[in-house]
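Visitor: Please pick one part of this structure and walk me through it closely. I would like to see what lies beside it and how it fits into the rest.

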Amino acid sequence: MKRFLLGCLLLACGMGQGAYAQSKHTFTLSKSAFLLDGKPFQLISGEMHPARIPREYWKHRIQMAKAMGCNTIAAYVFWNYHEQEPGHFDFTTGNHNITEFIRLAQEEGMWVLLRPGPYVCAEWEFGGLPPYLLRTPGIKVRCMDPRYMTAVERYVKTLAAVVKPLLVSNGGPILMVQIENEYGSYGNDKQYLYRLQELWVENGIDVPFYTADGPTAFMLEAGTVPGAAIGLDSGGSDGAFAAAAKQNPDVPAFSSESYPGWLTHWGEKWARPDPAGILKEVKYLMDHKRSFNLYVIHGGTNFGFTAGANSGGKGYEPDLTSYDYDAPINEQGRATAKYHELRKLIASYRKGQPLPEIPAPVPTLAFPDVALQPFTSVWAHLPEAVPSVQPEPFEAYGQDYGFMLYRTTLIGHKSGKLQVTELHDYATVFLNGQYVGKMDRRLGENTIELPATGVKDPVLEILVEGMGRINFAQELIDRKGITDRVTLNGMTLMNWEVFGLPMKDAYVQQLSAGQVDTSRPGQFFKGTFRLSRTGDTYIDVSGLKKGVLWVNGHNLGRYWEIGPQQRLYCPASWLKKGENEIVVFDLHLTGAARVRGAEELE
């Protein structure tokens, strides 16, 4: 018996040593265990997301997980990252190449848990759902709404064709596919879950399925599917596994999300959970030979406009650009103290089988202050206006991300209490070109006092930033911009001009210099710096206010003076020897400023 258990343990932990001797394997479910080639197998999984990691570092991060003792990589597929317009999919370019990521995992002797959604949460914009869905008035998501399901079926069919050759049944590393995500925390449309499973099967996905839900009776009842393994978020106790067994005693359960770190929102302190909690949980799971997935072993970065938001008891809570998550492998791919403690703990169960050496860290660099000078403004580069009787959200104009300017001439009331009903998410307000103030959904701000000007026909402008769409719980339908109406002293303001400003990389790169009114916020700034070598760096933005930053045309993401994040991660692959360019769009800054390069997040 001891020899049998030792053999199982070595199989679970020693993936890189002969586990791929066969061209094909079988992976099945018994009542209490996962079976690889008919033998009990313990999943020791670390989660990371290819969209959040520079493609050049995928192999390095997978090797880091392997060196910590993992035998499996769990990976979300973000639907909205791969289908940004209906029917236009990208699974081949850059970070979109899911096949390459999974093949790299296989080359490193790692198995894969695929988490394709369609909804994933993940602190990612709209939980991975494509915002083009919100162009349809009244649409409902994560249910059998036929308008939603038409898009889901197109996505599943397309993704299934991509991943089918990568299934364990076809010689690939994918052992299981997740159905939806934490559905029991959201809804109870079981027919929706059943239909998702049917769609995968109809499109040739023949590996086992699993679900993931909190370990409570109502979540498990609403979120599980007959025949699918039960994932527990998290499963670190006898009670959690007992709840799973009560829901379905005929399938195995595992901790599908064990949390070594946690997320952080703008305006909060960095989340830094005590490592004692995850060490205790992993010890429990190893002692009981329970499978588990560390969410996340490495978080990475919400580049561009991909960061999501929550809607907890505090209201709107936008997520940081950094997805460091206080994970064992930090944002720039380095092993933390938590990593070393977990590695030591997992290694203690390997009975003399050594772990691989920890890969060398990616080289980093710093650089001195870079002067940023105003070179043009958003006001000098407005597109053609779209007339609207009343303001509409971004999606009504076919825009998904960025900013939108709403302009009207005041008739009747010309000063007083201005109210924007359902502002999503942050606005700067101007009267006759003069800055009046800001509104912040996060703080519940939706009113501002307009001063009397004496101008016969005052012009009101509201520049709205759409921040991350909500990615969890009941407020998922989170359209951006002015989503209801604007009133002045109770009078509804009509007849607007609307200017879409999605701030796509190409738009920013082609901006030409122009005269800048230094009294009017909404400016672009530019600066250059020279490098003799490339390496990973962080752009320190502590001298800026609120906006977005590009390096050599790459959108590093949002920054905000309220913190806690004051540095934006820039991978070496986005830098070059010689001259490099920084462009900033800042909502509040009006004069020259400075940034610099640093080697760490803090």
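Guide: Let's take strand 32, residues 578–586: 7 of its 9 residues are buried, so the strand is largely enclosed by the rest of the structure. "Buried" means under 20% relative accessible area, with exposed being over 50% and partly exposed in between (1.4 Å probe, protein chains only). Strands here are DSSP runs of E with at least two residues, helices are runs of H or I with at least four, and both are numbered from the N terminus. Please keep in mind that this is a predicted model, in which local features need pLDDT of at least 70 and side-chain atom pairs count only at pLDDT 80 or more, while totals for chains, interfaces and linings use all residues. Residues are numbered from 1 along each chain as its sequence is written, and side-chain values use heavy atoms, with hydrogens and water left out.

Now for the neighbours of strand 32. Two strands count as paired if DSSP finds at least two bridges between them. Strand 27, covering residues 523–531, pairs with strand 32 over 9 bridges in the antiparallel sense. To find this pairing on screen, look for K526, which faces V583 of strand 32. Strand 29 (residues 546–551) also runs antiparallel to strand 32, and 5 bridges join the two. Here the pair to look for is G547 opposite D586 of strand 32.

Strand 28, residues 537–540, is worth a stop as well. In a regular strand the side chains alternate between the two faces of the sheet. In strand 28, T537 and I539 point one way while Y538 and D540 point the other, and all are buried. Strand 28 has antiparallel partners too: 4 bridges link it to strand 31 (residues 567–570), and 3 bridges link it to strand 33 (residues 593–598). Y538 is a handy landmark for both pairings, as it stands opposite Y569 in strand 31 and has A598 as its bridge partner in strand 33.

I539 also leads us to the packing, since I539, Y148 and L549 have the most contacts inside the largest nonpolar core, a group of 155 residues. Such a core is a set of buried Ala, Val, Leu, Ile, Met, Phe, Trp, Tyr and Cys residues joined through side-chain atoms within 4.5 Å. The element that gives the most to this core is helix 5 (residues 146–163), with 10 residues. Setting aside its neighbours within four places in sequence, Y148 is in contact (heavy atoms within 4.5 Å) with W79, P118, L129, L133, I139, K140, V141, R142, C143 and Y192. There is also a second, separate core of 22 residues, with F394, I448, L450 and V464 among them.

Let me finish at another sheet, for contrast. Four strands make up an open sheet in the order 22-19-24-25, with antiparallel pairing. Its edges are strand 22 (447–450) and strand 25 (491–492), each of which pairs on one side only. Strand 19 (residues 416–424) and strand 24 (residues 481–488) pair over 6 bridges, again antiparallel. L423 is the residue to click on there, as it stands opposite I482 in strand 24.
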